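Colleague: I have a chain on my screen and would like to talk it through before I go back to the bench. Could you take me through it?

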Amino acid sequence: HWSEYEALSLRARASQAVASVQQLIPQALRYFDDATGLSKVEHSQAEIRQLQDAVTELRVNVRRQQRQLEETVSSLASVRSQLEPISQRDPRYLALTTRLVELLDKESTDVANVKLAE
């Protein structure tokens, strides 16, 4: 049978051993990660997911910019068709030409935005 002193001594040494092992676990896990490359793979996979998300977001932005450009081009065609039969003396001519200039300016901005988005 163990004496009380021996039992306490063994218990203390066992506690110290457990504490030592617990301190070594994070280091051992880092060594394991380094040896297997798992953390690098996980990091690379996270980067790939971020890049895929960024590409998806860019595609959405390009489509939105292209739709905006298509709407502007359609508006330009409409104003031009309204303007063709009107004489320069007609009071509507000034309003339509002003709108045409605004749309041409918007078209150039939309084209630039599409090119930037691409």
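Modeller: Let me begin with the contacts: of those in the chain with a separation of 6 or more, 63% are accounted for by residues 24 or more positions apart. Please keep in mind throughout that this is a predicted model.

Colleague: Okay, and how many helices and strands are there in the chain?

Modeller: The chain has three helices and zero strands, and reading along the sequence gives the pattern α-α-α.

Colleague: What radius of gyration does the chain have, and what would a compact globule of 118 residues have?

Modeller: The radius of gyration of the chain is 36 Å, whereas a compact globule of 118 residues would be near 13 Å. Taken along the principal axes, the box filled by the C-alpha atoms is roughly 120 × 30 × 15 Å.

Colleague: Can you give me a pair of residues to get a feel for that? Say, how far apart are the C-alpha atoms of Y5 and A112?

Modeller: Those two C-alpha atoms, of Y5 and A112, are separated by 85 Å, and the residues lie 107 residues apart along the chain. Y5 itself belongs to helix α1.

Colleague: Is Y5 buried or exposed?

Modeller: Y5 counts as exposed, because its relative accessibility is 67% and the cut-off for exposed is over 50%.

Colleague: And what about T72, buried or exposed?

Modeller: T72, which sits in helix α2, counts as buried because its relative accessibility is 2%, where buried means under 20%.

Colleague: Which residues is T72 in contact with, leaving aside its neighbours within four places in sequence?

Modeller: With those neighbours left aside, T72 is in contact with L103, K106, E107 and D110.

Colleague: Back to the whole chain, then: what share of the residues is buried?

Modeller: Buried residues amount to 14% of the 118 residues. The chain exposes about 9,800 Å², and carbon and sulfur atoms supply 56% of that area.

Colleague: Changing topic, how are the charges placed?

Modeller: There are 15 positive and 17 negative charges in the chain, and the mean positions of the two sets are 2 Å apart.

Colleague: Last thing: where is confidence lowest, and where is it highest?

Modeller: Confidence is lowest in helix α1, residues 4–36, with a mean of 85, and highest in helix α2, residues 38–83, at 89. Over the chain the pLDDT averages 87, and 98% of the residues score at least 70.

Terms used. Residues are numbered from 1 along each chain as its sequence is written. This is a predicted model: local features need pLDDT of at least 70, side-chain atom pairs count only at pLDDT 80 or more; totals for chains, interfaces and linings use all residues. Side-chain values use heavy atoms; hydrogens and water are left out. Helices (H or I, at least four residues) and strands (E, at least two) are DSSP runs, numbered from the N terminus. The radius of gyration is taken over C-alpha atoms; the globule rule is 2.2 Å times the number of residues to the power 0.38. Buried means under 20% relative accessible area, exposed over 50%, partly exposed in between (1.4 Å probe, protein chains only). Contact means heavy atoms within 4.5 Å. Accessible areas come from the Shrake-Rupley method with a 1.4 Å probe; for residues, only the protein chains shown count as cover. Lys and Arg count as positive and Asp and Glu as negative; His and the chain ends are not counted. The place of a charge is taken as NZ of Lys, CZ of Arg, CG of Asp or CD of Glu. pLDDT is the predictor's confidence in each residue, from 0 to 100.
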